[in-house]
Amino acid sequence: MTRIDASFWATALCLIATLLAPAVSAAEDPFRPEPGTFPPLEKAHAYRGELVFVDHANRRGSLRVAGTGKFYRNDPQPFAMLPYGVVRYHGAPADLRDVPLGTVLHVRAFLPPDPKLSAVPVLPVDNKEKDAGHYRGTGTAPAENHVLLLEDEPSHCLRAGLVWRLKAVELKNDAGTIVARRAPRAGGDGASEDEELTFDAATRIWRGRERIRVADLVAEDAWPVSGKKDLGGQEVLLGITWKPAPGDGLSGAFTQFHISDIWLDDDSLQQAAYFQTETHKAFIRSRWMPARVDAVEYDEFGRATVAATLFGGMDPSLYADFQPGVGAQMNGAENTLKHTAGHYGPSHVASNGTILEVTREEGEIPLGSSGVQIRFETDLIIEGIRPGRVVRVRPESWPKMQVPREEYLFNPGHEDRFPTPDLFPEY
């Protein structure tokens, strides 16, 4: 894929799971990360679900989590991205605002590092083991709702070295079902089983740099006009969603997933990844790079040198903009990555200075970290820049822009993170 950060993906754990079987796995004991650390991916609880709500400004939302029962009955469960949590969409870096509602996402998450600061409800640590009743089953409300990795189906398959092999299609009036299996790209069927997925005329089919229709595949005799056809294990990548289907409430249609996209070749997904990468790069340059403060060396009269680790999961070109001798600004941020302080945008009270040094950690880099550490010198350090805290950094080559009101706080601290009715004017 385009511009993959090799050090980032080298740390990713290969996760192979079937689509319809409950994708619920965890370490033996629920794991709570230490604040200010990058937790190991292998300690995360793995599950998947449909994105049903997004509060992008606070990096949180809700998922209808797949468990052991009827999927459509499951109540949406809130989640929050960890400050260093990574979102992947179409095989590229993303923000929550980029992912359409209804997308089925793979999740790797932990217990909240500090329950007092959690942006979502704190649940009993064994909550995923409880039977929710009413055909819901278990695993639908995990206490592990602080997310390290959130990725759509093609991103998951690319990271894990998987493809979807199309076995057969059944078609009527540009809609129908496909029997497919997720399997290792290197060969073999893996541990998964054949799954039946629905599609319709709205399913997007990508080939090279063009989008084609179901009718185009029919016209090419690749798919039948009507009825069934063997597809011989054709390798593709799929986008997965869920939508209501006809049935009596007890049939498999209420658990069956739907195909939103089919990428027929590598070029087609590379095209999607390119545009998503460019979207995310522009977003980060306008909001600044998030980082964790590792240490602060204080000097006289407000001078200080700050060591900070840049968060991971982004395009390598963004990290390349951090160079020794480059002017920069550093501003305090909250765990939702909102800028703190400053009534006129993030630059209002940010510390100005110069990047003195850029180092890159060798060896295995934990997910969430870029492995890139900067040393930043400023002549007037602000309160929000302290060891263990989250900051945002802007190298001088990035544009100085204002951010929407909902994406910054007037005062540092977690009390003012979320809007109250006072946000709305009186009429």
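Right after helix α2, Gly161 takes a positive phi of about 70°. This is a predicted model, and the helix that comes just before that glycine is a good place to start looking around. Helix α2 runs over residues 153-160, and seven of its eight residues are buried, so the rest of the structure largely encloses it. The buried set is made up of Glu153, Pro154, Ser155, His156, Cys157, Arg159 and Ala160, so named charged residues turn up in it alongside Cys157 and Ala160.

Zooming out, the protein has five helices and 21 strands. Of its 427 residues, 54% count as buried. The accessible surface comes to about 18,700 Å², and carbon and sulfur atoms hold 51% of that. As for how the chain folds back on itself, take the contacts between residues at least 6 apart in sequence: 70% of them join residues at least 24 apart.

Now for the nonpolar interior. In soluble globular proteins, nonpolar side chains tend to be buried together. Here the largest nonpolar core has 33 residues, and Ile178, Phe199, Trp223, Leu238 and Ile262 are the ones with the most contacts inside it. Helix α2 shows up again at this point: it is one of the elements giving two or more residues to the core, along with β7 (162-172), β8 (175-184), β9 (195-199), α3 (214-219), β12, β13 and α4 (266-287). Domain 1 (41-156) and domain 2 (160-281) both contribute residues, so the core lies between them. Trp223 gives a feel for the packing: setting aside residues up to four places away in sequence, it touches Val169, Leu171, Ile178, Phe199, Val214, Leu217, Val218, Lys229, Leu231 and Ile262. Apart from this core lies another, of 25 residues, with Ile284, Val296, Phe322 and Ile374 among them.

Aromatic rings come next. A pair of them is described by the distance of the centres and the angle of the planes. A search of the whole structure finds nine aromatic pairs. One of them joins Phe71 and Trp242, edge-to-face at 5.8 Å centre to centre with 70° between the planes. Phe71 sits in the loop between β2 (60-65) and β3 (77-89), and Trp242 in the loop between β12 (227-241) and β13 (258-263), so this pair ties together parts that are 171 residues apart in sequence. Both Phe71 and Trp242 are buried. Tyr274 and Phe275 also pair up: their ring centres are 5.2 Å apart and their planes at 75°, so this one is edge-to-face too. Tyr274 is partly exposed, with a relative accessible area of 42%, and Phe275 counts as partly exposed at 47%. Elsewhere, Phe38, Tyr84 and Phe311 form one aromatic cluster, while Arg405 lies over the face of Tyr408, at 4.8 Å from the ring centre.

Last up is a proline in a loop. Pro324 is found between α5 (316-320) and β16 (327-333), and it is partly exposed, with a relative accessible area of 48%. Leaving aside neighbours within four places in sequence, Pro324 is in contact with Ile355, Leu356, Glu357 and Val358. The C-alpha atoms of Pro324 and Thr354 are separated by 7.9 Å, although the two residues are 30 apart along the chain.

Notes: Residues are numbered from 1 along each chain as its sequence is written. This is a predicted model: local features need pLDDT of at least 70, side-chain atom pairs count only at pLDDT 80 or more; totals for chains, interfaces and linings use all residues. Side-chain values use heavy atoms; hydrogens and water are left out. Buried means under 20% relative accessible area, exposed over 50%, partly exposed in between (1.4 Å probe, protein chains only). Helices (H or I, at least four residues) and strands (E, at least two) are DSSP runs, numbered from the N terminus. Contact means heavy atoms within 4.5 Å. Accessible areas come from the Shrake-Rupley method with a 1.4 Å probe; for residues, only the protein chains shown count as cover. Rings of Phe, Tyr and Trp (its six-membered ring) pair if their centres lie within 6.5 Å; planes under 30 degrees apart count as stacked, over 60 as edge-to-face and the rest as tilted. A charge sits over a ring if NZ of Lys or CZ of Arg is within 6 Å of the ring centre and within 35 degrees of the ring normal. A nonpolar core is a set of buried Ala, Val, Leu, Ile, Met, Phe, Trp, Tyr and Cys residues joined through side-chain atoms within 4.5 Å. Domain bounds come from an automatic or database domain assignment.
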